[in-house]
Amino acid sequence: YKVSRSRMKIAIVIPAYNESKTIAKVIRDVKYAGTVIVVDDASTDLTGDIALKAKALVVSHKINSGYDAAIQSGFEKAVELEMDVVITFDADGQHRSTVLAEFVHSFESSDVDLVLGARFRSARFSEFIFNIYGKIRFGTGDLLCGLKGYRLSSTYYRYGAFNTYNSIGTELALFCLRKHLFKTVVSVPIDSRLGKPRLGSVVKSNILIMRSLIFAIWADIRGL
């Protein structure tokens, strides 16, 4: 797909914590798709400085606040810049930037509200369980992929937030799915990550994901 930036203003929001090894390349690779906003979540390395040199807009946290809070700050910056669409993108180099063209095309060629990235396999057992819930409840098989796109007018402005309970990037998407907003799914190839996973150890990451799943199911119960 050819990317036209004439129709709408698109922000690529990249949460980053100690990603100095990959952040410059990620920024260079994705800037064709829109304005790059890097949220430096109180990194102890040179992530923020490198992102600035790579010509990204940088939002800096003084205290490490976590993945969801970082993306929340990115959304707030995108609203300040009057963006139409936000696409979240990981800083670790696992996502292939070429797939962004399909995300942009989806927003420019239709009235889609939500674009979900879908990986070929789950990275953890807890993700596999979470995705069973997503498949049964919404017909969507990968809710935890970090690559998602949102039309702000119908999603973020309507819900009022990206994150309120550390959902590992699922809260706003789940709201959209519960409201039956128009969505599409894009296949996302995943490359090997450089460095440690952002969610920490296997045990810790599985606990965080299962906690998020409990909150998601509880939201369903309250809705019913």
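## A salt bridge within helix 1

Let's start with a charged pair: Lys25 and Asp29 form a salt bridge, and their closest N and O atoms are 2.6 Å apart. Please keep in mind that this is a predicted model. Both Lys25 and Asp29 belong to helix 1, where they sit four residues apart, about one turn of the helix. In general, an α-helix has 3.6 residues a turn, so residues three or four places apart point the same way. Lys25 counts as partly exposed because its relative accessibility is 48%. Asp29 is partly exposed too, with a relative accessible area of 28%.

## A network around Arg119

The structure holds six salt bridges, and Arg119 takes part in two of those described here. As background, side chains of opposite charge can pair when their charged atoms come close. The side chain of Arg119 meets that of Glu127 in a salt bridge, at 2.8 Å from N to O. How exposed or buried are these two residues? Glu127 is buried, because its relative accessibility is 3%, and Arg119 is buried as well, with a relative accessible area of 18%.

Arg119 also forms a salt bridge with Asp142, and here the closest N and O atoms are 2.8 Å apart. This pair ties together distant parts of the chain: Asp142 comes from the loop between helix 5 (125-138) and strand 6, Arg119 from the loop between strand 5 and helix 5, and the two are 23 residues apart. Asp142 is buried, with a relative accessible area of 6%. Through shared partners, salt bridges join Arg119, Glu127 and Asp142 into one network.

## The seven-stranded sheet

What is the order of the strands in the sheet? This open sheet of seven strands follows the order 3-2-1-4-6-5-7, and its pairing is mixed. Strand 3 (57-60) and strand 7 (183-187) stand at the edges; each has a single partner strand, so one side of each is left without a neighbour in the sheet. On average, neighbouring strands of this sheet are turned by 20 degrees against each other, direction ignored.

Helix 1 (residues 23-30), the home of the Lys25 and Asp29 pair, packs on the sheet and touches strand 1 (10-16) and strand 2 (35-40). The direction of helix 1 makes about 170 degrees with that of strand 1. Elsewhere in the sheet, strand 4 (residues 85-88) and strand 6 (residues 148-151) run antiparallel and are joined by four bridges. If you would like to find one of these partners, look at Thr88, whose bridge partner in strand 6 is Lys148.

## Helix 4, an enclosed helix

Why is helix 4 described as largely enclosed? Seven of the 10 residues of helix 4 (residues 100-109) are buried, so the helix is largely enclosed by the rest of the structure. The buried residues are Leu100, Ala101, Phe103, Val104, Ser106, Phe107 and Glu108.

Which elements do these buried residues pack against? They pack against helix 1 and against strand 1, strand 4, strand 5 (114-118), strand 6 and strand 7.

## A nonpolar patch on the surface

On the surface, Phe125, Phe128, Ile132 and Ile136 form a nonpolar patch, and together they have about 450 Å² of accessible area. Phe128, one of these residues, is found in helix 5. With 43% relative accessibility, Phe128 counts as partly exposed.

## Loop residues worth a look

Most residues other than glycine have a negative phi, and most peptide bonds are trans. Against that background, here are two residues to find in the loops. Asn18 has a positive phi of about 55 degrees although it is not a glycine. Asn18 lies in the loop between strand 1 and helix 1, and it is partly exposed, with a relative accessible area of 28%. Ala42, likewise not a glycine, has a positive phi of about 60 degrees. The place of Ala42 is in the loop between strand 2 and helix 2 (47-53). Is Ala42 buried or exposed? Ala42 is buried, with a relative accessible area of 17%.

Another loop residue is Ile168, between helix 6 (156-159) and helix 7 (171-178). Ile168 is buried, because its relative accessible area is 7%. The C-alpha atoms of Ile168 and Cys145 are separated by 9.3 Å, while the two residues are 23 residues apart along the chain.

Technical notes:
Residues are numbered from 1 along each chain as its sequence is written. This is a predicted model: local features need pLDDT of at least 70, side-chain atom pairs count only at pLDDT 80 or more; totals for chains, interfaces and linings use all residues. Side-chain values use heavy atoms; hydrogens and water are left out. Two strands pair if DSSP finds at least two bridges between them. Axes are lines fitted to C-alpha atoms, for helices over the stretch in contact, and angles run from 0 to 180 degrees between N-to-C directions. Contact means heavy atoms within 4.5 Å. Buried means under 20% relative accessible area, exposed over 50%, partly exposed in between (1.4 Å probe, protein chains only). A salt bridge is a side-chain nitrogen of Lys or Arg within 4 Å of a carboxyl oxygen of Asp or Glu. Patches are made of residues with over 30% relative accessible area and no salt bridge: like charges are joined within 9 Å, nonpolar side chains (Val, Leu, Ile, Met, Phe, Trp, Tyr) within 5 Å. Accessible areas come from the Shrake-Rupley method with a 1.4 Å probe; for residues, only the protein chains shown count as cover.
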